[in-house]
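Student: I am new to this structure and would like a close look at one part of it. Could you take me through the salt bridges, and show me how they fit into the rest of the chain?

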Amino acid sequence: MKKNFKIQLFSLIFLTISLSACKKNPPQYPTIYSNDGFLEYSKKFNKQLNSLENEEIQEYIRERSEDYLQTNAGFFMTRTRLDSVRLVKDMDTIKFQYQVKNLQDSMIYDYETIGKQLIVLGQSSIIPGIEYGLKRMSEGEKATLLLPSGLAYGVDGDRKKIGADEPLVIEIKLEDIVNYE
C-alpha cells in the first residue's frame, strides 16, 4: 500500500508540475514609439550636410584646371582616357593603388602607406566611392575622384586619420585587370 501511495503522490506532483508548465504567456506586441521628430531631423540634417559638401566640392573644382565629370552615383571624377575600350566590371580581379587627400589637398594616406590592392570588384570591403570610380575606368588609367562623405567613410570616418563626414579626394591608378573574359 505504501508503494501504491508513493506512485499516486509522484503522479500527482508530476501532473501539477506539467499543468503549471503549460501556463500561457501573455502575447507580446511590438513597441510603439512616439514620433519625436527624429526622422524629420535626420532628413533635414542629411540634406544640409549634402548641400554643404557639394558646395565644398564645387569650390575645389573651381580652383583646379582639370575637367571633372559628375557621375550618376553622386561624385565627381577626372579621366585620363575617355576612349576606354573595356571598362572594369563586377567580378573582375583588378590590381590598383590609390591615395587619399582632403579637400585642402593635405595627404592623409599616400600610395606607399596603402600599398597595392588586389580585389575582386563587387566582392571586397572597399569604400563605395572607390568601387564606383573603378567601374568607370579601364586598364592603365588614372583618375581623381571627389567623394562626398556618404560614398567615403561616412559618419564614423576611419577612426584614425579621416574624420566624420569628411569629403575626400582619391587618386587612383588602375594598373591591371588580372582576369577578364
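Tutor: Happy to! Keep in mind that this is a predicted model. Let us begin with the layout: from the N terminus on, the elements of the protein chain follow the order α-α-β-β-β-β-α-β-α-β-β. That makes four helices and seven strands. The chain has 181 residues, and 34% of them count as buried. Its accessible surface is about 12,700 Å², with 54% belonging to carbon and sulfur atoms.

Now to your topic. A search of the whole structure finds ten salt bridges, and we can visit several of them in turn.

Start in helix H2, which covers residues 38-62. Here Glu 40 forms a salt bridge with Lys 43, and their closest N and O atoms are 3.7 Å apart. How far along the helix do Glu 40 and Lys 43 lie from each other? They are three residues apart, so about one helical turn separates them. As for their surroundings, Glu 40 is exposed, because its relative accessible area of 52% is over the 50% cut-off. Lys 43 has a relative accessible area of 45% and is partly exposed.

Helix H2 also holds Glu 59 and Arg 62, again three residues apart, or about one turn of the helix. The side chains of Glu 59 and Arg 62 meet in a salt bridge, at 2.9 Å from N to O. Glu 59 is partly exposed at 36% relative accessibility, whereas Arg 62 is exposed, with a relative accessible area of 58%.

Next, look at Lys 89 and Asp 92, whose side chains meet in a salt bridge of 3.6 Å, N to O. Is each partner buried or exposed? Lys 89 is partly exposed, with a relative accessible area of 38%. Asp 92, on the other hand, has a relative accessible area of 3%, so Asp 92 counts as buried, the cut-off being under 20%.

Salt bridges can also join up beyond a pair. Which residues are linked in a network of salt bridges? They are Glu 63, Arg 64 and Asp 105.

For contrast, turn to a nonpolar part of the surface. Phe 5, Leu 9, Ile 13 and Ile 17 form a nonpolar patch there, with about 400 Å² of accessible area together. One of these residues, Leu 9, has its place in helix H1, which spans residues 2-21. Leu 9 is partly exposed, with a relative accessible area of 41%. That value lets Leu 9 qualify for the patch, because patch residues need over 30% relative accessible area.

Finally, here is how distant parts of the sequence come together. Among the contacts in the protein chain with a separation of 6 or more, 68% are between residues 24 or more positions apart. Tyr 111 gives us an example to follow. Tyr 111 is found in helix H3, made of residues 111-114, and is buried, with a relative accessible area of 14%. Leaving aside residues up to four places away in sequence, Tyr 111 touches Gln 97, Tyr 98, Gln 99, Glu 171 and Lys 173. Take Glu 171 from that list: Tyr 111 and Glu 171 are 60 residues apart in sequence, and their C-alpha atoms are 9.1 Å apart in space.

Conventions. Residues numbered from 1 in each chain as written. Predicted model: local features only at pLDDT ≥ 70, side-chain atom pairs only at ≥ 80, totals over all residues. Heavy atoms only, no water. Helix = DSSP H or I, 4+ residues; strand = E, 2+ residues; numbered from the N terminus. Buried < 20%, exposed > 50% of the residue type's maximum accessible area, 1.4 Å probe, protein only. Contact = heavy atoms within 4.5 Å. Areas by Shrake-Rupley, 256 points an atom, 1.4 Å probe, with all protein chains shown as cover. Salt bridge = Lys/Arg side-chain N within 4 Å of Asp/Glu carboxyl O. Patch = residues over 30% accessible without salt bridge, like charges linked within 9 Å, V, L, I, M, F, W, Y side chains within 5 Å.
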